Amino acid sequence: MADTKKSIIVLGGSYAGVSIAHNLLKHAIPNLPSKESYEVVLISTTSQAMCRPACPRALISDDLFDQSRLFVSIPEQFKQYGANFRFIQGTATELDHSARVITFDLKAGGTEKLPFHALVIATGAATASPLLGFTGDEDGLRASWAEFRKALPAAKSIVVAGGGPTGVETAGELGEHLNGRAGYLSSKLENPKVPITLVTAGSELLPILRTSLARKAEDMLTKVGVTVVKNARVTAVAPEHAGTGTVAAKTTVTLSTGKTLEADLYIPGCGTTPNTGFLSKDLLAADGRVDTNAATLRVDKAGPRIYAIGDVANYARPAVHLILAAVPVLAVNIKKDLLLDAGKDKAAVGEDRVYKEDTKETQMVPIGKSKGVGAGGGFALPSFMVWLIKGRDYWLWTVGKLWSGQQWNKEG
Ligand SMILES: Cc1cc2nc3c(=O)[nH]c(=O)nc-3n(C[C@H](O)[C@H](O)[C@H](O)COP(=O)(O)OP(=O)(O)OC[C@H]3O[C@@H](n4cnc5c(N)ncnc54)[C@H](O)[C@@H]3O)c2cc1C
């Protein structure tokens with residue numbers, strides 16, 4: 001019976017949660033003394049995993065990606081594990097880390113509580129714009145895209161806020177889609193059909209990348225009808241919920257410079273908010289993410305066998321490649337804790353595995369369907385490579401193995 005088992009609960013069905021659940025089911029559970037007495041329970045607001053980096057292009061039209069690869073059913077991907085796994089579509093609303101019980105609202109209606117033996121917090125972070133990832137479930141994301149797409153053909157001006165990759169990519173995709181691209185010999189696109197303004201508080205775009213690459217990105221944006229406004233923060237928008245509550249409102253955007261911009265569409269593409277509303281404030285770091293041991297990925301303050309991984313946790317900057325490097329570390333440490341709890345000898349289970357963030361300059365930023373800037377492992381990449389690795393399909397080529405768990409066939 002499911003409820004007599006020791007539950008290892010994973011909260012969040014995206015890069016971090018899906019990966020750690022597969023890894024535990026493949027490598028931890030089978031190695032525990034009585035493996036039938038454990039189950040992995042994945043609780044997620046969304047029943048589908050999605051290639052989130054694809055959102056800046058995917059929001060324009062369903063025709064730009066193979067939808068069956070963009071959205072993948074989580075329960076389908078875990079059928080392979082039989083009774084050792086359960087999926088619950090629901091949203092965690094309260095963690096009582098002392099009583100070791102999680103409370104969640106079910107998508108189907110109602111509220112439930114589950115005690116846990118181990119817990120992995122992998123609830124990620126939400127963008128201000130509901131166009132750029134899951135801020136609710138998959139139906140909410142699709143409804144936002146539908147609202148935006150309906151308004152897009154009539155838009156005469158667009159403002160995007162945020163000089164990081166999300167803002168740059170979104171402005172670039174919209175620019176190329178609506179305006180096309182200036183010829184090889186032109187330095188900018190004259191009289192774009194839909195002028196797009198990209199506003200950044202920074203003195204340069206793309207702060208993770210060196211200035212020369214940021215400037216190259218700016219040039220590429222100019223060629224698709226995007227004007228970059230630097231050193232200006234968006235201080236207010238009217239109506240108040242433009243870009244967040246509604247994605248298709250005519251908006252007045254006020255900047256910290258005192259200037260105002262009128263836009264038919266406004267997209268806030270900067271910053272994310274960690275999904276931690278269900279956690280006690282004691283467990284959070286000053287930046288609002290879960291205060292996580294950066295070496296072991298345990299949440300030391302929360303008690304035994306409670307962990308955090310992915311954008312919700314503060315051990316590293318939010319990026320998929322850093323999550324994928326953290327998964328095997330966390331999985332080994334969870335396995336170790338479970339073995340110790342099951343009575344295994346300390347000497348037999350070995351030492352903790354230690355995570356170390358790779359801080360080398362690594363980021364790829366497509367600008368439309370054929371160009372982009374980026375660096376990998378500290379080396380600048382030519383535009384062609386950025387296209388080949390990311391811009392072609394925004395990483396869709398990588399997620400099949402992740403969602404199915406094949407990526408974790410080896411322990412790490
Ligand atoms: C537009 C955009 C483009 C990006 N491009 C790149 C890129 O090219 N390369 C890169 O490395 N990174 C990129 N990132 C960052 C990358 O997407 C994140 O690092 C990654 O998605 C984080 O994965 P995660 O599993 O931690 O959380 P998320 O992807 O944020 O997913 C969180 C999951 O938890 C669920 N959830 C939330 N709250 C609850 C709750 N209370 N209870 C239960 N479930 C909950 C959500 O529904 C979701 O399924 C991009 C991000 C954005 C927004």
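The legends below describe close-up views of a predicted model.

**View 1. The packing of helix H1 against helix H8 in the predicted model.** Helix H1, which covers residues 15–28, packs on helix H8, which covers residues 320–341, at an angle of about 35°, and the two axes are 9 Å apart. The crossing that H1 makes with H8 is right-handed. On the H1 side, the contact is made by Tyr15, Ala16, Ser19, Ile20, Asn23, Leu24, His27 and Ala28, while H8 contributes Val320, Ile323, Leu324, Val327, Pro328, Leu330, Ala331, Ile334 and Lys335. Divided by class, the residues in this contact of H1 with H8 are 13 nonpolar, 3 polar and 1 charged.

**View 2. The packing of helix H1 against helix H11.** H1 also packs with helix H11, formed by residues 396–404, at an angle of about 45° and with the axes 8 Å apart. Angles under 35 degrees count as roughly parallel and those from 65 to 115 as roughly perpendicular, and H1 and H11 are therefore oblique to each other. From H1, the residues Tyr15, Val18, Ser19 and His22 meet Val399, Leu402, Trp403 and Ser404 of H11. This contact of H1 with H11 comprises 5 nonpolar and 3 polar residues, with no charged residue. Tyr15 and Ser19 of H1 are listed in the contact with H8 and are listed again in the contact with H11.

**View 3. The hairpins formed by strands S5, S6 and S7.** Strand S5, residues 85–96, and strand S6, residues 101–106, pair in the antiparallel sense over 6 bridges, and Asp96 has Val101 of S6 as its bridge partner. The hairpin of S5 and S6 has 4 residues between its strands, and in this turn Arg100 has a positive phi of about 60°. S6 in turn pairs with strand S7, residues 111–115, again in the antiparallel sense and over 5 bridges, with Phe104 standing opposite Glu112 of S7. In this hairpin of S6 and S7 there are likewise 4 residues between the strands, and Gly109 takes a positive phi near 110°.

**View 4. The open sheet of strands S13, S14 and S15, with a cis peptide bond at Pro239.** The 3 strands of this open sheet follow the order S13-S14-S15, and their pairing is antiparallel. Because strand S13 (234–238) and strand S15 (260–263) stand at the edges with a single partner strand each, one side of each is left without a neighbour in the sheet. On average, and with direction ignored, neighbouring strands of this sheet are turned by 20° against each other. Strand S14, residues 251–255, runs antiparallel to S15 and is joined to it by 4 bridges, with Thr251 having Ala263 of S15 as its bridge partner. A cis peptide bond, with omega about 0°, joins Ala238 and Pro239, and Pro239 is found in the loop between S13 and S14. As background to this view, most peptide bonds are trans.

**View 5. The open sheet of strands S19, S20 and S21, and the helices H7 and H10.** This open sheet has 3 strands in the order S19-S20-S21, and the pairing is antiparallel. Strand S19 (363–367) and strand S21 (379–381) stand at the edges, each with a single partner strand, so that one side of each has no neighbour in the sheet. The average turn between neighbouring strands of this sheet is 10°, direction ignored. S19 and strand S20, residues 371–376, run antiparallel and are joined by 5 bridges, and in S20 the bridge partner of Gln363 is Ala375. Helix H7, residues 211–222, lies across S19, S20 and S21 and runs at about 165° to S20. Helix H10, residues 383–391, packs on the sheet and touches S19, S20 and S21, its direction making about 95° with that of S19.

**View 6. Tyr394 in the loop between H10 and H11.** Tyr394, which lies in the loop that connects H10 and H11, has a positive phi of about 50° although it is not a glycine. By way of comparison, most residues other than glycine have a negative phi.

**View 7. The span of residues 7–317.** In an unreviewed entry, UniProt lists residues 7–317 as "domain: FAD/NAD(P)-binding". In the model, the end C-alpha atoms of residues 7–317 lie 29 Å apart, and the span is 22% helix and 27% strand.

Key. Residues are numbered from 1 along each chain as its sequence is written. This is a predicted model: local features need pLDDT of at least 70, side-chain atom pairs count only at pLDDT 80 or more; totals for chains, interfaces and linings use all residues. Side-chain values use heavy atoms; hydrogens and water are left out. Axes are lines fitted to C-alpha atoms, for helices over the stretch in contact, and angles run from 0 to 180 degrees between N-to-C directions. Helices (H or I, at least four residues) and strands (E, at least two) are DSSP runs, numbered from the N terminus. A crossing is left-handed if the near helix is turned anticlockwise from the far one by less than a right angle, and right-handed if clockwise. Contact means heavy atoms within 4.5 Å. Ala, Val, Leu, Ile, Met, Phe, Trp, Tyr, Cys and Pro count as nonpolar, Asp, Glu, Lys and Arg as charged, and the others, Gly among them, as polar. UniProt positions are given in the numbering used here, feature names are shortened, and annotations may be inferred rather than shown by experiment. Two strands pair if DSSP finds at least two bridges between them. Angles under 35 degrees count as roughly parallel, over 145 as roughly antiparallel, 65 to 115 as roughly perpendicular and the rest as oblique.
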